[in-house]
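Opening the notebook on this one. I want to look up strand pairing first, then the core.

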There are 2 protein chains.
Amino acid sequence: MRWVRYGVGGKETFGIVEGDQIVDVQGDPFDGYQRTATSRALANTKLLAPVMPRTFYAAGLNYADHVIAAANKRGELPNLPEAADVGYRAVNSITGHDDPIIVPADATEQLQYEGEIVVVIGEEVKNLTEETVWDCILGYTIGNDVSERTWQRGDRTMWRGKNTDTFAPMGPWIETDLDLEAAMTTVYINGKEKITFKTTSMIFGIAEFLIRMSQYCTLYPRDVVWMGTEGVTDNMVNGDICEVEIKGIGVLRNPVVWEGR
Amino acid sequence: MRWVRYGVGGKETFGIVEGDQIVDVQGDPFDGYQRTATSRALANTKLLAPVMPRTFYAAGLNYADHVIAAANKRGELPNLPEAADVGYRAVNSITGHDDPIIVPADATEQLQYEGEIVVVIGEEVKNLTEETVWDCILGYTIGNDVSERTWQRGDRTMWRGKNTDTFAPMGPWIETDLDLEAAMTTVYINGKEKITFKTTSMIFGIAEFLIRMSQYCTLYPRDVVWMGTEGVTDNMVNGDICEVEIKGIGVLRNPVVWEGR
């Protein structure tokens, strides 16, 4: 099942994608819903980010080649994380499928994509185990963890390097039935493939992260966990179209709009 | 005006404190409200954290003596921050006035309070200036940024060191009329004063933080910004009562309950 979110008469509504149509629901996938008799063309509907999270978690460095590439760029030895220590992002940075990534005029040219899978939590849970961990997941969507590397390195925190408005496109929908092992992630710039990686080739897997997090932190419906990206990332320029595809979910597409260019 | 939040028949309600009474309102201080004819005794009402934030910002190291004391403990030279770079916390960690700080059994004895003032944003704003910055603030409340220092130092992020469930008591209410310059912060353990500091003696003040943040990040109603703490902090043990008082706001009180002790 594919969950989308969109505006109807100024109100945010959830719907279910069926073929080229969206079926409106009353309620939402977190607190319960009922299908309505109303449907609309998917192609004509402006999608919002499929969920506004309660807490926006991000795994950070979670693929070995990405950690090694980043260290090489800094002329340092790679320092692989030793435990699944999660980080945080800010809700203001979230934007939807087809929305522009708006880059402030004072950003440097080191403005890069990071394609990643996003876990959407569907239940309030604590102390998850190997047996229970998968049941709390509503589904998966796609994130582009847009990063301005100069700010990321130079600031004391990643506040504007990764949390500037529109730097966290998420969507297009939440896929509830995903064959994780078959899911490949590919990033395209202007239709040209930049990188492809096996989505599950993480240093710490989804289950490992959620089990560890939930020993100390209650997870809630609408929490999202961005799982990190792999490999070398590259700069984007004004006018680029960035697409992140995860097989079995879909394609998240966003144009880059640089202020003042 | 003092805004409180509490449960009525399983539903969260906002109210206004008047003397020893709370006046229920319809709506809330963010989207608009109307007073009702219903009131209740403040002393008999279990208060919730006065707001559940959209994004939970934290200034981090923002008082000179605290930065110096922390560096001394680590045997390092202090490294004062050069810019107002904000960080993030997780909503799961928030709890209310009089709620227990529940410490996991595997925490070390380095479990410490951090009393701080909390700015509550009331409007959606961007590109704030010296002239406009104060108008977006609904009011101020009190936070206790409970920190397990072993986890804070040892983990790659501050996820469990500062974001374990109940590690962010906030309350008791939002005070909309505060003389900031007169506001002193005092932390008491079991009634004994541990530290008193001038709340505005920050490295980067409230206006400076909000103006800088809003150049890149839209601030939204219900966002909160915890402004950091001053001085040397000390360990708390099972059964301690921690109180954070800010003159002009009130007292945030929480008992420490250590699991398995």
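I started with β15 (residues 184–189) and β16 (residues 192–198) of chain A, which pair in the antiparallel sense over six bridges. Strands here are DSSP runs of E, at least two residues, numbered from the N terminus, and two of them pair if DSSP finds at least two bridges between them.

A caution for myself: this is a predicted model, where local features need pLDDT of at least 70 and side-chain atom pairs count only at pLDDT 80 or more, while totals for chains, interfaces and linings use all residues. Residues are numbered from 1 along each chain as written, and chains are lettered from A in the order written.

I checked the partners: A:Met184 stands opposite A:Lys198, and A:Ile189 faces A:Lys192. Two residues sit between the strands of this hairpin, and A:Asn190 takes a positive phi near 50°.

Next I traced the sheet. It is open, with five strands of chain A in the order β9-β19-β18-β15-β16 and mixed pairing. β9 (101–103) and β16 are the edges, each pairing on one side only.

Last, the core. The largest nonpolar core has 126 residues, and those with the most contacts inside it include A:Val119 and B:Val119. Such a core is a set of buried Ala, Val, Leu, Ile, Met, Phe, Trp, Tyr and Cys residues joined through C-beta atoms within 7 Å; buried means 20 or more other C-beta atoms within 10 Å of the residue's own, placed from the backbone.

Note on methods: Buried ≥ 20, exposed ≤ 12 C-beta atoms within 10 Å, placed from the backbone. Helix = DSSP H or I, 4+ residues; strand = E, 2+ residues; numbered from the N terminus.
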